[in-house]
Amino acid sequence: RQFERSAANGTLWSVSAGNDGDGGHWHGRWRDSDGDDWLDVSENKELIEVSEGTRRVFLQWDDWPQSDQNLDLYLFDSRSDFPTNPINGTNNVQDGKWAPVERVSTTGSTDYVAIRRESGTKPLNLTVFGPGGSLSPNTTARSVTNPTTDAVLTVGATYYGDNSVEPFSARGPSIDGRIKPDVVAPDGVSTSVYDPFFGTSAAAPHAGGVFALALDKNESLRPPGA
C-alpha cells in the first residue's frame, strides 16, 4: 500500500517488470486431483524441476494482503525423495496475518520443488519464480513480478537495435489479472556502470526519464492513483 500512498502524494514509480519471461516462471491454479494436498503443476506431475544456477525459489498466490490460505514450499534433491524426504522447506503459517509468499534456498544444482496446502479451501492462482535459472514446467504468461498495483507504471524491455520485445521480459497479465506491463523501453544500452546493460532494470530508468521529461513539459500531469 506504500505505492498507493506515494502515488496519491504525486510520486510516479517506474518499476521493472522482471526478467523471468522465458523459463524462470510457472503459473497455474490450485488443483489436487488425487487429494493428497500436493499441488498438481501439470497432469500427473507434482514437482517443478529447478535448473542449476537458481539460488532461490519464490512462491506467491492471489490472496493479498494477508492470507488465511496456508501453503508451504518444499525442496527435494531428487524425484525419488518426494514427498517424504525434503532437504529444505518453509513453515510460515498464513493465518490471516501474513502475506501469501514463501521462498526456499536451493543447493545450486538441479533440484525439485513442490507446493503443499496445509489449510484453506479457496480457489487460488499461484506463481513460482526461479530467478536466474529455469523451471520445468514453465509458463510465460503472468510472469510480471510485484508490485502489480495500478499505482506504478510497470516497464518491459525491448532490444534497442530493433525494438523487439526481449524474450526474457516478463509478460502479463499480473497474477490478479491486471494488464501489465504498462509500457516498454530499450535495453542493451551503454551506461557508465554497465556496458551493455540488459534487462527490465535497464528499461525502467529509460521510461522514468521519459516520464520526467513529460512532467517537466506539463506540470499538471499526475501519476496513476493520484
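Colleague: Is T54 buried or exposed?

Modeller: This is a predicted model, so every value here is computed from it. Buried means under 20% relative accessible area. T54 has 0% relative accessibility, so T54 counts as buried.

Colleague: Where is T54 placed?

Modeller: Look in the loop between β3 (48-50) and β4.

Colleague: Which residues is T54 in contact with, beyond its neighbours within four places in sequence?

Modeller: T54 is in contact with T106, G108, G130, P131, G133 and S134. There is also a link to S51: the T54 side chain reaches the backbone oxygen of S51 at 3.3 Å.

Colleague: Now a second loop residue. Is E166 buried or exposed?

Modeller: Use the cut-off again: buried means under 20%. E166 has a relative accessible area of 9%, so E166 is buried. Find E166 in the loop between β11 (152-159) and β12 (183-187).

Colleague: What is E166 in contact with, leaving aside neighbours within four places in sequence?

Modeller: The partners of E166 are A157, T158, Y159, R171, D187 and F198. Now take G21. E166 and G21 are 145 residues apart along the chain, yet their C-alpha atoms are separated by 8.9 Å.

Colleague: On to sheets. How do strands of a sheet pair?

Modeller: They pair through backbone hydrogen bonds, either parallel or antiparallel. In this model, four strands form an open sheet. Their order is β2-β9-β4-β7, and the pairing is antiparallel.

Colleague: Which strands stand at the edges?

Modeller: β2 (25-29) and β7 (101-105) do. Each has a single partner strand, so one side of each is left without a neighbour in the sheet. From one strand to the next, the twist averages 15 degrees.

Colleague: How many bridges join β4 to β9?

Modeller: Four bridges join β4 (residues 56-61) to β9 (residues 125-129). To see one pairing, start at F58: its bridge partner in β9 is F129.

Colleague: Last topic, the nonpolar cores. How many residues has the largest one?

Modeller: The largest nonpolar core has 19 residues. W26, L59, V113, I115, L126 and V128 have the most contacts inside it. The elements giving two or more residues to this core are β3, β4, β5 (70-76), β8 (111-119) and β9.

Colleague: What does L59 touch, not counting residues up to four places away in sequence?

Modeller: L59 touches L71, L73, P100, V101, E102, I115, L126, T127 and V128. Apart from the largest core lies another, of nine residues. Among them are A157, F168, A185 and F211. You have met A157 before, as a contact of E166.

Methods: Residues numbered from 1 in each chain as written. Predicted model: local features only at pLDDT ≥ 70, side-chain atom pairs only at ≥ 80, totals over all residues. Heavy atoms only, no water. Pairing = 2+ DSSP bridges. Axes fitted to C-alpha atoms, helices over the stretch in contact; angles between N-to-C directions. Buried < 20%, exposed > 50% of the residue type's maximum accessible area, 1.4 Å probe, protein only. Polar contact = N/O pair within 3.5 Å; in protein donor to acceptor, adjacent residues only side chain to side chain. Contact = heavy atoms within 4.5 Å. Core = buried A, V, L, I, M, F, W, Y, C linked by side-chain atoms within 4.5 Å.
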